[in-house]
Amino acid sequence: MNTYPDKTTIEDLRTQYLTGTVVVLDKMIDEQAPEIGTAGVVTGVDDIGTVHVNWLTGSTLGVAFPVDEIHIATPHEAALYYINKEAHLQHDGSYCPRCGDEMPGSLHTHAVSRRADIIICDMCGIKESLEDAVQAGVMKGEEPLPIEEWYIVKKNTREQFPFHIEATEEIENGEVTGYTVTIPEKPGAYAHCDHPKDIIPTGERLMKEQ
């Protein structure tokens, strides 16, 4: 008996689970399945209706409907996914996932977030401490910054900062040696970075310095 979804169902799955969508596992009939509640990002839907997912655990097991079950992540669940994913990628000289500023020196010299298992810059560590003091009624001040508003979350959901960043290649002996970053809205503001992935945090730092 053919248990595969029909053509209409497959098209519906492709419409619902677009590539890049963050999903959360609710049920999977497989001995090697990730734990229930694991988040991942959709990489596509094949011709038999399997939703392929890169899970946070590193697994790439597909979701076979109707046996397996997933749901599209809420904004909070998606934020946790992006933050937890970034935690595995952090390294010395990285940028702060909360505000986007640079974190010079060794990673272990900076603060551990009170909101997630990840390293943030010292200033954000102080801000979270103050936020907790406000919540406890010890002092007055700003409300806690929701994790949905963190830099790394906005970066991955394309809700990036409200300014434009232009990067010009720095070429020496015919090879790209780095980039000069400018912000059209801030004439005279510029910085240098070594890799394309550094352009956005560099632009954020430039905006704050002006």
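**Strand pairing, a buried serine and a nonpolar patch**

Strands S8 and S9 form a hairpin with two residues between them, and Asn 173 in the turn has a positive phi of about 55°. In this predicted model, the two arms of the hairpin span residues 166–172 for strand S8 and residues 175–182 for strand S9, and they pair in the antiparallel sense over seven bridges. Within this pairing, Thr 168 has Thr 180 of S9 as its bridge partner. Strands of a sheet pair through backbone hydrogen bonds, in either a parallel or an antiparallel sense.

The hairpin belongs to a protein chain with five helices and ten strands. Of the 210 residues of the chain, 37% count as buried. The accessible surface of the protein chain comes to about 12500 Å², and carbon and sulfur atoms account for 52% of this area. With regard to contacts between residues at least 6 apart in sequence, 42% join residues at least 24 apart.

An open sheet is built from five strands in the order S4-S3-S2-S1-S5, with antiparallel pairing. Strand S4 (63–64) and strand S5 (69–72) stand at its edges; each has a single partner strand, so one side of each is left without a neighbour in the sheet. Elsewhere in the order, strand S2 (residues 39–45) and strand S3 (residues 50–55) run antiparallel and are joined by five bridges. One residue pair in this arrangement is Val 45 with its bridge partner in S3, Val 51. In a regular strand, side chains alternate between the two faces of the sheet.

Ser 113 is located in the loop between strand S6 (111–112) and strand S7 (119–120). Buried residues are those under 20% relative accessible area; Ser 113 therefore counts as buried, because its relative accessibility is 9%. Its side chain reaches the backbone nitrogen of Arg 115 at 2.9 Å. When residues up to four places away in sequence are not counted, Ser 113 touches Ile 118, Ile 120, Glu 128 and Trp 150.

A further feature concerns the surface of the chain. Met 123, Ile 126 and Leu 130 make a nonpolar surface patch of about 290 Å². Of these residues, Met 123 lies in helix H3, which comprises residues 122–135.

Methods. Residues are numbered from 1 along each chain as its sequence is written. This is a predicted model: local features need pLDDT of at least 70, side-chain atom pairs count only at pLDDT 80 or more; totals for chains, interfaces and linings use all residues. Side-chain values use heavy atoms; hydrogens and water are left out. Helices (H or I, at least four residues) and strands (E, at least two) are DSSP runs, numbered from the N terminus. Buried means under 20% relative accessible area, exposed over 50%, partly exposed in between (1.4 Å probe, protein chains only). Contact means heavy atoms within 4.5 Å. Accessible areas come from the Shrake-Rupley method with a 1.4 Å probe; for residues, only the protein chains shown count as cover. A polar contact is a pair of N or O atoms within 3.5 Å; within protein, one must be able to donate a hydrogen and the other to accept it, and residues adjacent in sequence count only if both atoms are side-chain atoms. Patches are made of residues with over 30% relative accessible area and no salt bridge: like charges are joined within 9 Å, nonpolar side chains (Val, Leu, Ile, Met, Phe, Trp, Tyr) within 5 Å. A salt bridge is a side-chain nitrogen of Lys or Arg within 4 Å of a carboxyl oxygen of Asp or Glu. Two strands pair if DSSP finds at least two bridges between them.
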